[in-house]
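Grab a pencil and open the viewer. Here are some short exercises, each with a worked solution to check yourself against.

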Amino acid sequence: MDYKKVLHEISVALDYYTERENPPGLLSGYTGCALFYAYYYNLTGKKKHLRKVHTLLLKSIQALSEDELIPSHCNGISGIVWCIQHLINAEFASADGMEDIFGEVDTLLGKVMEGEIKENRYDFLHEGLGIALYFLEKEQLSPYLNTLVEQLEASAYRDERGVRWQDFIFGPTIGGLDESVFNLGLAHGTPSIISILGMIHRKGIKSSLIKESTDWLLSTRNEPEEGITSLYPVLVNAKNEAKTGKQSRLGWCYGDLSIAMTLLNTGNWLEDDRYKEEAHKIFTYTLQHRNNNNGSVSDACLCHGSAGIAHIYRRAYLTLKDPRLLLGAEHWLQQTLQMKTWKDGLAGFKFYADGKYTNSYEVLEGITGIGLSLIAALDSSNTPAWDRCLLLS
């Protein structure tokens, strides 16, 4: 199947979506569609896609001033302004007239981030940690990032196994009030904190937390066991015992691939080959042993589907230059196209949620994300820097 034809179908579907009244948001709203049109413009050179970027940015800016929005990265203020700043940095849009808007947003988000981290609300997608990504996208170093490192230093859980941060969303349900539980997912857990600390390190704010927490992450690896194909579980207790079983899915949000990307990026940030070598081993293992069935791959989305898996392998290839990773990326893109079977789906795709398949336009769980993955596969001359919004670079 022709990737370009699929991209055209996605573009037509997004034209319809973005021209109607829908919520703003980076990963779950129309703002994130601007990323698709920007990188689609890079691929095609068609000015109509660039004009669409500008239309969506203006619409998002208007929403910032008129709508009641939550602060979150996924579907709130910080994700919207991250997208605007990212597109300005990449020269898809101009910064003219944005000084006052960014100034107001900086103060608001900085205070929200401080307050939420103080309350142990670390969740990357929906709570305080995701706000940091907006400040990291700005050229000028924000004092709020210094404060964040200090807060993470103060709130870290420490014992002989290393440094990590408790899960206060799933922990009370899984472990009860008396047991500390630690999340290994990039979407919600300690790997996202490691990634944010690594990006802050790249900005010049150093911390021993990165190495200490990464070493702890390595220590959570499963012992070999028959029937278990995952190298890492989803949740562990203070003794590193898996709380929901040792098996984890194959995807961005949870599982071996997201941990491998965390290790690979940390190795780059710290210039530590040990972490990069371990990441390479994990990628190689997953290519040999993981598939749709044992990876719980039910659809094509970026979050936990085949397009996200394909993009992670492609991202890893850009650093490691192992041709097997490129073959893996192509395999999972073919899996993505094989899921294009729905006559009433958006560009032929539907997405699995709550026990049924539904339509979704989103970056994280919809056709916008599939489109971005396909563009990255076709456009070897431009770096897919949009994936910083998922902590992949």
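**Exercise 1.** How many residues line the largest pocket, and which lie nearest its centre?

*Solution.* Keep in mind that you're looking at a predicted model.
- Start with the lining: 15 residues surround the largest pocket.
- Now go to the middle, where Arg249, Cys253, Cys303, His304 and Glu365 lie nearest the centre.
- Sort the lining by class and you get eight nonpolar, five polar and two charged residues.
- Finish with the volume, which comes to about 240 Å³ for this pocket.

**Exercise 2.** Work out how helix α2 and helix α15 are arranged relative to each other.

*Solution.*
- Find the two helices: α2 covers residues 33-44, and α15 covers residues 367-378.
- Their axes are 9 Å apart, and the packing angle is about 25°.
- Angles under 35 degrees count as roughly parallel, so α2 is roughly parallel to α15.
- As for handedness, α2 makes a left-handed crossing with α15.
- Next, see who touches whom: α2 brings Cys33, Leu35, Phe36, Tyr39, Tyr40 and Leu43, while α15 offers Thr368, Gly371, Leu372, Ile375 and Leu378.
- Count this α2–α15 contact by class: nine nonpolar residues, two polar ones and no charged ones.

**Exercise 3.** Do the same for helix α9 and helix α11: at what angle do their axes cross?

*Solution.*
- Locate α9 at residues 190-202 and α11 at residues 256-270.
- The axes cross at roughly 20° and come within 10 Å.
- That angle is under the 35 degree limit, so α9 and α11 are roughly parallel to each other.
- The crossing of these two helices is left-handed.
- On the α9 side, the contact uses Pro191, Ile194, Ser195, Gly198, Met199, His201 and Arg202. They meet Thr262, Thr266, Trp269 and Leu270 of α11.
- By class, the contact of α9 with α11 has five nonpolar, five polar and one charged.

**Exercise 4.** How many cavities of 30 Å³ or more does a search of the whole structure find, and which residues line the second largest cavity?

*Solution.*
- The search turns up two such cavities.
- Take the largest cavity, with about 110 Å³ of space inside. It has 15 lining residues, and Tyr122, Gln166, Asp167, Phe168 and His188 are the closest to its centre.
- The classes in that lining are five nonpolar, six polar and four charged.
- Move on to the second largest cavity, whose volume is about 30 Å³.
- Its lining consists of Tyr39, Ile375, Ala376, Asp379, Asn382, Thr383, Pro384 and Trp386. Split by class, that lining gives five nonpolar, two polar and one charged.
- Finally, link back to Exercise 2: Tyr39 and Ile375 line this second largest cavity, and Tyr39 and Ile375 also take part in the contact of α2 with α15.

Notes: Residues numbered from 1 in each chain as written. Predicted model: local features only at pLDDT ≥ 70, side-chain atom pairs only at ≥ 80, totals over all residues. Heavy atoms only, no water. 1 Å grid on protein atoms, 1.4 Å probe; cavity = no way out; pocket = protein on both sides within 12 Å on 5 of 7 lines; lining within 4 Å. Points joined across faces, edges and corners; volume = space filled by probe spheres on them. Nonpolar A, V, L, I, M, F, W, Y, C, P; charged D, E, K, R; others polar. Axes fitted to C-alpha atoms, helices over the stretch in contact; angles between N-to-C directions. Helix = DSSP H or I, 4+ residues; strand = E, 2+ residues; numbered from the N terminus. Parallel < 35°, antiparallel > 145°, perpendicular 65-115°, else oblique. Left-handed = near helix turned anticlockwise from the far one by under 90°. Contact = heavy atoms within 4.5 Å.
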